[in-house]
Amino acid sequence: KSFQLETFSKLIENKEALARGTVDGTVILNQSNSATTFTSDLRLKELSFKNIPTGDIHLLASNTSNPKKFDVKMDLSGNDNQINADGYYSTETKVPSLNLSLNIERLNLKTIEPYTFGQVTQMSGSLKGKATISGGSDAPDITGSFQFLSCGFRPKFLDSYLRVEDETITLESKKVYFNSFTLVDSLDNKATLDGYANIQDFKTIPFDLHLKTNNFLAL
């Protein structure tokens, strides 16, 4: 009850707390027939990362129905965020598998800026969409679409402020598809992106992208 997350954060960082928040909840462990099962109900209130508020997280997880199948339900709310995830993680097969549904009613991009560790700054706007995550945990399939609404950001490697007014990306067959995805620079010039990037292996990402610009401020 009322456990301060920064207690762990300071142990890891050994300086100013990286993450803050208050944890309330219960975790119950059971041992029967050589199998360990658990059920948990945890609430993380006023989570912040690098002093940027994230919101409140409610996490339900258990494996009581099957010791090798972990049912998970997670809700994130607050600070202009509303995200729900529901599904399971299974270790019944040689390669553990996932089956999750993700519903992003609203994601405040400012919330995720600190998680880029300085690679993207001045983030604003919101993201919404739905996706399913299934298959082996080593290379899961992600299917869905995400819509960017009045977004702005500054990638470190470009150091140029960009905007995305109302655009959508689609994920299917381990590829991210861009269909007339329009970027706007600080002088209101536009660049349009078409094609895809293959995310089957994040170490080497093949892509087939076509970029059309007109006086676009690239760097």
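## Strands, core and side-chain pairs in a predicted model

Ser150 lies in strand β9. The structure described here is a predicted model. Leaving aside neighbours within four places in sequence, Ser150 is in contact with Ser124, Gly125, Val164 and Glu165. Towards the start of the chain, Ser2 is 148 residues away from Ser150 in sequence, and the C-alpha atoms of these two residues are separated by 37 Å.

**The nonpolar core**

Val164, one of the contacts of Ser150, also belongs to the largest nonpolar core, which has 22 residues. Within this core, Phe146, Phe148, Val164, Ile169 and Phe181 touch the most other members. The elements that give two or more residues to the core are β7 (97-108), β8 (120-136), β9, β10 and β11. Not counting residues up to four places away in sequence, Val164 touches Phe148, Leu149, Ser150, Cys151, Phe153, Phe181, Thr182 and Leu183. Two of the residues touched by Val164, namely Phe148 and Phe181, are thus also among the core members named above.

**Aromatic pairs**

How many aromatic pairs does a search of the whole structure find? The search gives seven. One of them is formed by Phe148 and Phe181, whose ring centres are 5.7 Å apart; the planes stand at 90°, so the pair is edge-to-face. This pair links distant parts of the chain, since Phe148 is in strand β9 (residues 141-155) and Phe181 is in strand β11 (residues 175-184), 33 residues apart. Phe148 has a relative accessible area of 19% and is buried, because the limit for burial is under 20%. Phe181 is buried as well, with a relative accessible area of 6%. Phe181 also forms an aromatic pair with Phe178, again edge-to-face, at 5.6 Å centre to centre and with 85° between the planes.

Elsewhere, Phe38, Phe70 and Tyr89 form one aromatic cluster. Lysine side chains meet aromatic rings at two sites described here. The charged end of Lys69 sits over the ring of Tyr88, 4.5 Å from its centre. Lys175 lies over the face of Tyr196, at 4.2 Å from the ring centre.

**Salt bridges**

Side chains of opposite charge can pair when their charged atoms come close. The count for this model comes to eight salt bridges. Three of these pairs are listed below, with the N to O distance for each.

| Basic residue | Acidic residue | N to O distance |
|---|---|---|
| Arg20 | Glu6 | 3.0 Å |
| Lys69 | Asp71 | 3.0 Å |
| Lys174 | Asp141 | 3.9 Å |

The salt bridge of Glu6 with Arg20 links distant parts of the chain: Glu6 is in helix α1 (residues 6-13) and Arg20 is in strand β2, 14 residues apart. Arg20 is partly exposed, at a relative accessible area of 27%.

Lys69, which sits over the ring of Tyr88, also forms a salt bridge with Asp71. Lys69 has a relative accessible area of 21% and is partly exposed. Asp71, at 25% relative accessibility, likewise counts as partly exposed.

The side chains of Lys174 and Asp141 meet in a salt bridge at 3.9 Å. This pair, too, links distant parts of the chain: Lys174 is in the loop between β10 (162-172) and β11, whereas Asp141 is in strand β9, 33 residues apart. Is Lys174 buried or exposed? Lys174 is buried, with a relative accessible area of 17%. Its partner Asp141 is partly exposed, at 33%. Salt bridges that share partners join Arg163, Glu165 and Asp188 into one network; Glu165 is also one of the contacts of Ser150.

**Strand pairing towards the start of the chain**

Strand β1 (residues 3-4) and strand β2 (residues 19-32) run antiparallel and are joined by two bridges. Phe3 has Val23 in β2 as its bridge partner. Between β2 and strand β3 (residues 35-49) there are 13 bridges, and these strands also run antiparallel. Which residue in β3 is the bridge partner of Leu29? The partner is Phe38, a residue that also belongs to the aromatic cluster with Phe70 and Tyr89. The strands β2 and β3 form a hairpin with two residues between them, and Asn33 in the turn has a positive phi of about 50°.

Note on methods. Residues numbered from 1 in each chain as written. Predicted model: local features only at pLDDT ≥ 70, side-chain atom pairs only at ≥ 80, totals over all residues. Heavy atoms only, no water. Phe/Tyr/Trp six-rings, centres within 6.5 Å; stacked < 30°, edge-to-face > 60°. Helix = DSSP H or I, 4+ residues; strand = E, 2+ residues; numbered from the N terminus. Buried < 20%, exposed > 50% of the residue type's maximum accessible area, 1.4 Å probe, protein only. Lys NZ or Arg CZ within 6 Å of the ring centre and 35° of its normal. Contact = heavy atoms within 4.5 Å. Pairing = 2+ DSSP bridges. Salt bridge = Lys/Arg side-chain N within 4 Å of Asp/Glu carboxyl O. Core = buried A, V, L, I, M, F, W, Y, C linked by side-chain atoms within 4.5 Å.
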